[in-house]
Every structure is written in C-alpha cells, then in structure tokens.
Amino acid sequence: MRTQVAIIGAGPAGLLLGHLLRRAGIDAVVIEDRSRQHVEARIRAGVLEQSTVDLLVASGAGERLQRQGLRHHGIDLLFGGRRHHIDLSGPTGGRAITVYGQHEVVRDLIAARLADGAPLLFEASGVALHGIDGNAPGVTFERGGRRHTLHCDFIAGCDGFRGVSRGAIPASALQVFERTYPFAWLGILAEAAPAAQELIYASHARGFALFSMRSPQITRLYLQCRPDEDLTLWPDTRIWQELHARLETGDGWRLNEGPVLQKGITPMRSHVVEPMQYGRLFLAGDAAHIVPPTGAKGMNLAVADVRTLARALAAHYGECRDDLLAAYSATCLRRVWRAEYFSWWMTSLLHRFPDQTPFMARLQRAELEYVAASPAAAASLAENYVGLPFAAFEGE
Ligand code: FAS
Ligand code: PHB
C-alpha cells in the first residue's frame, strides 16, 4: 500500500487532519486500532473554542454542529456560596464557545471521510512506525488476519497519550515536561435536563465540581476526587449527593437528577514533549501534549495542531516549500504552552489541594475574588477560554 501521509489514530486530531488533507488534494490513510463503534461512543471533551467551530464549518464538517451545538456567551464561577458570571463574548468581540460533544465531532468527521470514500482503517493492531529518520517512512500493522505495510512520505502521530508514535522518537531526541495533579475528575453523563443555561465551575471546601451539558436532555457533570479513586465506591446516590453539596448555594437553584448513562475517572496531568516532530514523523494532539481538562483545551489544541500540519503539508506538496514543516513544532508549541499555562491556572484556582496551607487557600480565594470583580481579569479569562485566534500564534 502507498499514500502521501499515514495518519495514526482516528480521534479528533487524526480525523480532522485527514479531512483537511483531503480538501487540499493530499492522499492520506487513517489507521485506527479500535472499532468505529468504540471510537464514536467514547465520551470526552465538550467545549469547542470559536476557532475550532470556525474551522469545522469552513472545512464543510460543521453542518450538524451548527444545528445542534449550544453556543454560550458566558460561564459562572461559584465560590463563597455565590455564582459570579464571566462574560465571554463582550471582551472578545463576540467570540464564544460551543458545547458539542467530542464524540459528535468524531462521528461527523468519520461520516465525512466515509462519504468521500477516503481510506479509514479501523481495528488495525500491532501498528509500528519505520524509517521516520529517512525519506521513505512506513507503517506496518495487522488487519483482517494479514500484516500490511503502508509506504508514505510522512507520518502523522495522532494516536493520543497512550499511542505508539511518541515512543518511536528516540528518548534522547525528546525533552519531556510534566506535572501530575494530586486529584482526578469523576465524570458522569446523566439523562437529565440541564438546570442552568451555562457552565458552572465550582470551587468548594469539599472539592471542585463542574456543571456542563451535551443537549437540552443531557447533563454532563464532574467532581474532584482522589487520583486513585475507586469508582465502585461511588454509587449514583453518592455522586448526586456530592454534586448537590458542591454546586447548590441555598438560593433555590437545584441540580436536576436523572439516570446516569456513563461514569468514569479522568486523571489530571500536564504533559508536553518537545519537539513535536522528528524526521518524517509529526506528532499532533494528545500524542504530543496533555492538559488538565479544567480549561477545556485538550481537543481544541489537537485541532490547532492539525490545522498547522495540514497547511505545512499543503505548502510542501503544492509549492515545494518545507519552511512550514520545519517550523511545525515551534508554531504549535506557542499555542500549546499558552493553553498549558491557562489550564494549570484554572486548575490551581478551582481545586482543593490535599497539602494546601491556609496561606495558599487565602491566595486562591483572593485570586477568585479578583477575577470576579475586575473586568480586566475577567477579560483575560474570557479570551483564553474562548480561545485566541489561530493568527495570534503564527507570527514569530
Ligand atoms: P485521542 O486520544 O482522542 O485519539 C487517539 C486515537 O488514536 C484513539 O482513537 C485511539 O484509539 C487511537 N490509537 C491509540 N493508539 C493507537 C495505535 N497504537 N494504533 C492506532 N490507533 C491508536 N478534553 C477537554 O477539553 N475536555 C474534557 O472534558 C476532556 N475529557 C477527557 C476525558 C478522558 C477520559 C480523556 C482520556 C481525555 C479527555 N480530554 C478532555 C482530552 C481529550 O478531549 C483529548 O484532548 C482529545 O481526545 C485529543 O484528541 P486526539 O489527539 O485525537 O487523541
Ligand atoms: C465538558 O462538557 O465535558 C467539559 C466542559 C468544560 C471543561 C471540561 C469538560 O472544562
């Protein structure tokens, strides 16, 4: 088998890259180790930045997103028993977030790829990368009981944090930056009408909680828990009890309960590898970086990476220019590190740290009060949360 770009992973990064390359007339094969059903059912991120929405719509993959996505112009911060509204659109010239599940984006991109008849290979196992430091790389994998070899010009490692691509780069060539947080998120998807119009981020003595949603019928909720939490110790009744305690303030507002459709634990870590490229291998999305989900940046960073990579590959094939490919990692990392900082800041601001001293607790409260009271501080949160335009990170 031969193609121009081998894409490993059919998550948001791999699928959107394949979609953008297709529109640029560049051949690619997407190789995924799980089944289509598994990939489409995986519940993860829920918040799309303005630039992510604009790119999906402009590239022809945003029709259902435009119909079903919930556009939000603000969020609430809840602390000290009060909710404080943060205006997202006023300070950012009308930019906003759209609540639309990651699994919906994945479904839309899979449907688009299959409708195009473009190669998308599910249930490929034993994926291995070859020759990434030469000019004739390849990918081997098992599928349908046979071993296959895919010869290509470039490989895009879009296989997430636990994929094989990052490991194909010699450790000596990579610098790893990481921070593990002393807590995790217990997340549930509930068949319950969202009881509020916008997201609520709660800083509470019992721990952080987040109220989000997926549709007028589905509520998405998270609560801070131990990093090694045992989910079997969290029956639905205990989860709802904790969510009521952390999200309700006695002002009469009540969370709606409903059947829990899915529950899981998400670990909290910051992680970046530099550089995000090695020879003919380019890493994108979670394969290269992880953020704690407090800032709702994970999937949006993956989108920004593959937009940069698609433009660089189009310049290579269309204009015989390799300057954008050479600058891929540096270009992506400017946005990555801004998102890493913002995600760390939101996480530090809103969570209870087990070793938190009374002094640090007062600093945390002072920062929350400042963000709620200062238009300048709130505007800074707003522009980071809706996401800075792609162009903000493209200059030197
Ligand atoms: P992904 O991990 O989504 O996709 C990688 C793909 O590669 C997967 O389909 C995987 O099956 C495949 N793959 C892996 N190894 C392979 C191999 N060897 N061969 C072939 N294919 C292989 N972000 C937020 O913004 N908000 C959230 O609330 C949020 N919640 C999350 C919850 C969980 C449990 C996790 C793990 C992540 C969450 N994230 C969240 C972050 C998440 O949304 C990621 O940022 C996003 O999925 C990144 O997309 P990709 O880079 O495409 O990686
Ligand atoms: C979600 O709806 O899944 C969500 C929203 C905001 C976050 C993280 C997750 O910061």
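Trainee: Two strands pair if DSSP finds at least two bridges between them, right? With that in mind, how many bridges join strand β10 to β11?

Mentor: Six bridges join β10 (residues 138–143) to β11, and the two run antiparallel. Strands here are DSSP runs of E with at least two residues, helices are runs of H or I with at least four, and numbering goes from the N terminus. T140 has T149 in β11 as its bridge partner.

Trainee: Before we go on, what kind of model is this?

Mentor: This is a predicted model, where local features need pLDDT of at least 70 and side-chain atom pairs count only at pLDDT 80 or more, while totals for chains, interfaces and linings use all residues. Residues are numbered from 1 along each chain as its sequence is written, chains are lettered from A and ligands numbered from 1 in the order in which they are written, and side-chain values use heavy atoms, leaving out hydrogens and water.

Trainee: OK, back to strands. What is the order of the three-strand sheet?

Mentor: That open sheet goes β9-β10-β11, with antiparallel pairing. Its edge strands are β9 (125–130) and β11 (146–151), each pairing on one side only. Ignoring direction, neighbouring strands of this sheet are turned by 15 degrees against each other on average.

Trainee: And the eight-strand sheet, what order does that one have?

Mentor: The order is β6-β5-β14-β15-β16-β13-β17-β20, an open sheet with mixed pairing. At the edges sit β6 (82–87) and β20 (289–290), each paired on one side only.

Trainee: Which way do β5 and β14 run?

Mentor: Parallel: β5 (residues 74–79) and β14 (residues 200–202) are joined by three bridges. L77 stands opposite Y201 in that β14 strand.

Trainee: How many bridges do β13 and β17 have?

Mentor: They pair over 13 bridges in the antiparallel sense, and L189 stands opposite Q262 in β17. From β17 on to β20 there are two bridges, again with an antiparallel run. There, H271 has I290 in β20 as its bridge partner.

Trainee: What does helix α9 lie across?

Mentor: Helix α9 (residues 328–350) lies across β13 (175–190), β14, β17 (260–274) and β20, running at about 125 degrees to β17. Axes are lines fitted to C-alpha atoms, for helices over the stretch in contact, and angles run from 0 to 180 degrees between N-to-C directions. Contact itself is heavy atoms within 4.5 Å.

Trainee: Switching to helix pairs: at what angle do α10 and α11 pack?

Mentor: Helix α10 (residues 358–373) and helix α11 (residues 375–386) pack at about 95 degrees, with axes 5 Å apart. The two are therefore roughly perpendicular (65 to 115 degrees; under 35 is roughly parallel, over 145 roughly antiparallel, the rest oblique).

Trainee: Which residues meet there?

Mentor: From α10 you have Y370, V371 and A373, and they meet P375, A377, A378 and L381 of α11. The residues of that contact divide into seven nonpolar, no polar and no charged. Ala, Val, Leu, Ile, Met, Phe, Trp, Tyr, Cys and Pro count as nonpolar, Asp, Glu, Lys and Arg as charged, and the others, Gly among them, as polar.

Trainee: Now Q224. Where is its place?

Mentor: Q224 is in strand β16 (residues 218–225). Q224 is buried, at 10% relative accessible area. Buried means under 20%, exposed over 50%, and partly exposed in between, using a 1.4 Å probe and protein chains only.

Trainee: What does the Q224 side chain reach?

Mentor: The backbone oxygen of R352, at 2.7 Å. Leaving out residues up to four places away in sequence, Q224 touches several others, including F183, F208, R246 and H351.

Trainee: Last topic, backbone oddities. Which peptide bond is cis?

Mentor: The one from E274 to P275, with omega near -5 degrees. P275 lies in the loop between β17 and β18 (277–278). Most residues other than glycine have a negative phi, and most peptide bonds are trans.

Trainee: What about the phi of E123?

Mentor: E123 is not a glycine, yet its phi is positive at about 55 degrees. E123 sits in the loop between β8 (120–121) and β9.

Trainee: And A296, buried or exposed?

Mentor: A296 counts as buried at 18% relative accessibility, whereas E123 counts as exposed at 52%. A296 also has a positive phi, near 55 degrees, and is found in the loop between β20 and α7 (298–319).

Key:
Polar contact = N/O pair within 3.5 Å; in protein donor to acceptor, adjacent residues only side chain to side chain. Pairing = 2+ DSSP bridges.
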